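Please find below a colleague's note on the structure under review. It is arranged as numbered points for reading alongside the model.

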Amino acid sequence: MTALLHGRCPQLAVSLPHVPLGDGPTPVFELPGVADGASVWCKDESGFGSGGWGGNKVRKLEWILPDVHRRGARKILTVGGLGTNWGLATALYAREQGLHTAIALIDQPVDDHVREQLARLRRSGAALHFTRTKGRTVASAPWLFLRHTRRGRRPYFLPAGGSAPIGTLGYVEAAFEIAEQVSTGVLPEPSHVVTAVGSGGTAAGLALGLRLAGLERTRVVGVVVNDTLRLDAYSVVTLAHRTERLLRDRGADLPPARLAPGDVTMVRDWLGPGYGRTTPQARAAHRLAEGGGWLRLEPVYTAKAFAATLAMAGDRRLGSGPVLFLQTHGPRDEDRGAGLARKHDDAAE
Ligand SMILES: Cc1ncc(COP(=O)(O)O)c(C=O)c1O
């Protein structure tokens with residue numbers, strides 16, 4: 001499918017290539033009666049792309065992987081926790097595109113899920129470097145670059161979660177989809193779009209894309225679920241500015257988005273004790289979504305973001321709505337049985 005961004009800016013088709021890995025638009029539907037009469041809708045990204053990863057990883061990779069080729073790199077160097085979904089999705093999708101991946105892994109509490117992720121990471125063929133802490137990862141960066149440079153080709157670096165400007169384009173594209181869904185009448189114009197924030201690219205891409213698509217009144221609400229990175233309105237809008245600069249540098253002819261930190265709302269009240277640690281509100285939101293048969297949430301990102309959506313929509317902190325919850329979808333262990341990881345697992349066994 002042609003990227004909506006290319007439809008708008010045909011001059012980007014060569015300078016900013018896109019590889020379709022999933023089918024948009026992802027569905028939107030109302031969640032009646034979930035928040036004391038407030039109008040709550042969902043954009044369900046769980047079916048985007050193969051492998052059960054959902055939009056959050058795959059939309060970013062649709063722009064990143066062709067850019068790696070365009071720069072002539074053969075290897076991606078990225079970073080994540082020991083159980084990184086981002087690192088695993090990157091390794092598997094990159095492999096499909098003939099690229100290698102190296103991952104610097106930072107310690108996190110090890111449970112069964114993390115052990116299984118590590119086993120999958122090993123089977124993915126990625127080179128794994130156990131750098132353990134953020135400080136040691138930064139200190140090892142020159143060595144890692146050198147170690148993965150082959151015949152003068154340096155690895156292509158991606159920060160945690162793929163939240164570089166190039167990955168952020170994935171959610172500019174999703175915002176264009178939202179605008180099309182509004183214009184075709186399948187979605188009422190949302191007053192707010194609520195998303196989980198782990199590394200900032202999703203929120204930044206949405207904020208920029210909604211502006212560029214003319215949905216000036218729709219505000220992005222980021223529910224911060226990660227306390228290991230600076231994630232505030234300033235850092236998210238800075239990433240949006242860098243993404244806008246990337247578009248112009250590559251030749252896009254676009255009106256200025258003029259985003260300012262006051263244009264996005266970041267909330268931290270649903271983080272609880274920290275990244276990856278659940279809360280009673282997240283557990284309740286998870287039960288409600290699953291009990292209603294609407295959504296399959298996971299505990300780290302989407303259950304906290306849905307809990308925030310219900311609370312803020314319910315007490316009218318988000319005005320009269322409609323509020324659009326973005327189901328970014330993080331695969332659980334059983335989801336991966338159906339897709340790309342399984343394909344590679346089988347090949348490795
Ligand atoms: C399921 C899910 N939702 C949301 C996010 C947050 O996206 P971002 O890292 O772009 O802030 C992530 C990030 O890892 C995720 O896995």
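The points that follow concern a predicted model and take up one strand, several salt bridges and a charged surface patch.

1. Strand β10, residues 323–327, is largely enclosed by the rest of the structure, because five of its five residues are buried. Its two faces are both covered: Val323, Phe325 and Gln327 are buried on one side, and Leu324 and Leu326 are buried on the other. In a regular strand, side chains alternate between the two faces of the sheet.

2. Two strands pair with β10. Strand β2 (residues 40–44) does so in the parallel sense over five bridges, and Val40 has Val323 as its bridge partner in β10. Strand β7 (residues 192–197) is also paired with β10 in the parallel sense, over three bridges; here Val194 stands opposite Phe325.

3. The count of salt bridges comes to 15. One of them joins Arg250 to Asp67, with the closest N and O atoms 3.0 Å apart. Arg250 is in the loop between α9 (233–249) and β9 (264–267), while Asp67 is in helix α3 (residues 55–70), so this pair ties together parts that are 183 residues apart in sequence. Arg250 is buried at a relative accessible area of 14%, and Asp67 is likewise buried, at 2%.

4. A further salt bridge is formed by the side chains of Arg211 and Asp263, at 3.3 Å from N to O. This pair links distant parts of the chain, 52 residues apart: Arg211 belongs to helix α8 (residues 201–212) and Asp263 to the loop between α9 and β9. Arg211 counts as buried at 18% relative accessibility, whereas Asp263, at 24%, counts as partly exposed.

5. Within helix α9, Arg248 and Glu244 lie four residues apart, about one turn of the helix. Their side chains meet in a salt bridge of 2.4 Å, N to O. Arg248 is partly exposed, with a relative accessible area of 31%, but Glu244 is buried, with 9%.

6. Salt bridges also occur as a network, which links Lys43, Glu45, Arg59 and Glu177.

7. Which residues form the positive surface patch? They are Arg74, Arg147, Arg150, Arg151 and Arg153. Of these, Arg150 lies in the loop between α6 (134–147) and β6 (156–157). Its relative accessibility is 47%, so Arg150 counts as partly exposed.

Key:
Residues numbered from 1 in each chain as written. Predicted model: local features only at pLDDT ≥ 70, side-chain atom pairs only at ≥ 80, totals over all residues. Heavy atoms only, no water. Patch = residues over 30% accessible without salt bridge, like charges linked within 9 Å, V, L, I, M, F, W, Y side chains within 5 Å. Areas by Shrake-Rupley, 256 points an atom, 1.4 Å probe, with all protein chains shown as cover. Salt bridge = Lys/Arg side-chain N within 4 Å of Asp/Glu carboxyl O. Lys, Arg positive; Asp, Glu negative; His and termini not counted. Charge placed at Lys NZ, Arg CZ, Asp CG, Glu CD. Buried < 20%, exposed > 50% of the residue type's maximum accessible area, 1.4 Å probe, protein only. Pairing = 2+ DSSP bridges.
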